[in-house]
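Me: I'd like a close look at one part of this protein, and then a walk through whatever else there is to see. Keep it friendly, please, since I'm new to this.

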Amino acid sequence: MSETIQAQEGIGTAAPAIVRTVPLSRGLSTKLLLLTIVFVLLAEVLIFLPWIASYRLNWLKERLSTAAAVSIVLVQGESTSLSRTAQNDVLMAIGAKAIAVRDGGVSRLLVVAEMPPKVDEHIDIASIGMIKGMTGALDTLFFGGDRMLRVFGPVGDSDKEFELIMPDNSLRNAMLRYSRNVAFVSLLISLFTAMLVYAAIDLIMIGPIRTMTRSMLSFSEAPDDPGRIIHPAARADEIGVAERELSQMQERLQKMLSEQKHLADLGLAVSKINHDMRNILASAQLMSDRLRQVKDPTVQAFAPKLLRALDRAVSYSEGVLAYGRTQEPPPARRRLRLRQLVEDVHGLLDIEQGIEFVNSVEPAFEVDADSDQLFRVLTNLCRNSVQAMAADSESALVRRLAVSAVRLGSVSRIAVSDTGPGLPPKARENLFAAFRGSARSGGTGLGLAIAHELIRAHGGTVELVESIGGRTTFAVTIPDQPVRLDQARNGLRRPA
């Protein structure tokens, strides 16, 4: 079974299909099958060692038992009563050269065909353990065939010790036949086990992984197509968790790409109409300024509202364009007197009558920041507060905007507090997210998003400390620039 995954690029064009194929030799299925066969064979090899040792020991015991039976018959009678031909037949049946018995410390040679000049290996049946049996079996299997063995030991309950002198070629041939049969059976077991393991794991793991891989490739071709999202199976194991996480990730990515596409389309549309919109708004502002000169009370009542509406339209257009820039320039940080900067922000705000502005920053308080960028941050935060409090029409309400600052070591913390109605739950959930974190109806949420981006470039943070009815506080934290060691040394070397 070939694991082939196809992906076609250039949909709607004449571009040929590009096929991405995993060769059979490198597929997970093939690797799994081969590894299973290898591991089962390895297990068979480990089992084979005690098997072949046991087979060798039993083979020798059988020969020694036969020799013991013959020896008992000969001991009870006269060994010379057997003819030479009969002795040779007995030894040939056992595959031995000589048979002896030891009784009471005295050895007696019962049957002998020809005495070999030397004995290569002495094997005590009674003292063969597992390790010694396995090493002896491997030695006979790989290096035997031309050796002469002396096999001895007790048989059954007899108090006599029987000895057998024999060549090992018959033993080695028997062991080779046994090994061949075991190897054949082991191979069959390995193949059968590998197929079963492969079928089970392919059904449980490889199949779902292959499905997830195809889903990812298919989703990458058209991320905006909801039909490309994987449908997870109702499984409680790791594969089920992976499928559900992949499905959720694809859904989130699709939603994010959709939002990014909308933002890109919005930026393109706004950039095209920006020039004409500015001209139209400039003309409208000019006519509105002239309306202020009209003495009609009705006109005087509506003219400020018209001007504020036009100012908001201009601010909205400029905010969208500013947020659509690829990246803000890095901050040019200097030591600033924060109280004066807050006064400049106060002068720019269009604060209605009844809203109190309190600058609680100490005159000597200094902050290490980019003047223009910090000005934009404070302006956005303060404007949001003013707009939130301006929506309260009840005259008895306290409407106060306060800016304060404290220093904690090398960190400056600026607090912007108001007595407005507080942020709605949707704004708190999408805080600092453009077009979703607006604190008022019809807003864009760009002010907080831009402030967050600018302060993050300073290495600081903007956070909502609290937001309840009657008190909302944002905190801007800016750490001082770290001083390089070489600059500090140079500063110390300069004369006073």
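Where is the place of His231?

Reply: Before we start, keep in mind that this is a predicted model. His231 sits in the loop between α4 and α5, and α5 covers residues 238-291. Is His231 buried or exposed? It counts as exposed, because its relative accessibility is 69% and the cut-off for exposed is over 50%. Now look for Arg244: it is 13 residues away from His231 in sequence, and in space their C-alpha atoms are 7.9 Å apart.

From that loop, step back into helix α4, which runs over residues 169-221 and holds Ile189. Ile189 has 38% relative accessibility, so it counts as partly exposed. It also has company: together with Phe184, Val185 and Leu188, Ile189 forms a nonpolar patch on the surface. The four of them add up to about 360 Å² of accessible area. In a helix there are 3.6 residues to a turn, so residues three or four places apart point the same way.

There is a record to bring in here. An unreviewed UniProt entry lists residues 32-53 and 182-206 under "transmembrane region". In the model, the span 182-206 is 100% helix and 0% strand, with 32 Å between its end C-alpha atoms. The span 32-53 is likewise 100% helix and 0% strand, and its end C-alpha atoms lie 32 Å apart.

Next, the charged pairs. Side chains of opposite charge can pair when their charged atoms come close. How many salt bridges does a search of the whole structure find? The search turns up 15. One of them joins the side chains of Arg147 and Glu121, at 3.9 Å from N to O. Arg147 lies in the loop between α3 (130-143) and β6 (148-154), while Glu121 is in strand β5 (residues 121-124), so this pair ties together parts that are 26 residues apart in sequence. These two residues belong to a network of salt bridges that links Arg56, Glu121, Asp139 and Arg147.

Follow the chain into β6 and you can pick up another pair. Arg150 forms a salt bridge with Glu163, and their closest N and O atoms are 3.1 Å apart. Since Arg150 is in strand β6 and Glu163 in strand β7 (residues 161-167), the bridge ties together parts that are 13 residues apart in sequence. Are the partners buried or exposed? Arg150 is buried, with a relative accessible area of 17%, and Glu163 counts as buried at 10%. The cut-off being used for buried is under 20%.

A third pair is Arg335 and Asp480, whose side chains meet at 3.8 Å, N to O. Arg335 lies in strand β8 (residues 334-337) and Asp480 in the loop between β14 (471-479) and α11 (485-493), so here the parts being tied together are 145 residues apart in sequence. Arg335 is partly exposed, at 45% relative accessible area.

Past β8 comes the loop between α7 (338-348) and β9 (356-359), and that's where you'll find Leu349. Its relative accessibility is 11%, so Leu349 counts as buried. Try finding Arg383 next: it is 34 residues from Leu349 along the chain, yet 6.7 Å separates their C-alpha atoms.

Now for helix α8, residues 371-390. Its 20 residues reach 28 Å from the first C-alpha to the last, close to the 28 Å expected at 1.5 Å a residue. At the start of α8, a side-chain oxygen of Asp370 comes to within 3.0 Å of the backbone nitrogen of Asp372. Plenty of side chains here are worth clicking on, and the buried residues of α8 include Leu374, Val377, Leu378, Leu381, Cys382 and Met389.

Two serines round off the tour. Ser404 is in strand β11 (residues 400-408) and counts as partly exposed, because its relative accessibility is 30%. Val342 is 62 residues from Ser404 along the chain, and their C-alpha atoms are separated by 9.5 Å. Ser417 lies in strand β12 (residues 411-418), and at 13% relative accessibility it counts as buried. Which residue does the side chain of Ser417 join in a polar contact of 3.0 Å? The partner is the side chain of Thr473.

Definitions and conventions. Residues numbered from 1 in each chain as written. Predicted model: local features only at pLDDT ≥ 70, side-chain atom pairs only at ≥ 80, totals over all residues. Heavy atoms only, no water. Helix = DSSP H or I, 4+ residues; strand = E, 2+ residues; numbered from the N terminus. Expected span 1.5 Å × (residues − 1). Buried < 20%, exposed > 50% of the residue type's maximum accessible area, 1.4 Å probe, protein only. Polar contact = N/O pair within 3.5 Å; in protein donor to acceptor, adjacent residues only side chain to side chain. UniProt positions renumbered as here; feature names shortened; annotations may be inferred. Patch = residues over 30% accessible without salt bridge, like charges linked within 9 Å, V, L, I, M, F, W, Y side chains within 5 Å. Areas by Shrake-Rupley, 256 points an atom, 1.4 Å probe, with all protein chains shown as cover. Salt bridge = Lys/Arg side-chain N within 4 Å of Asp/Glu carboxyl O.
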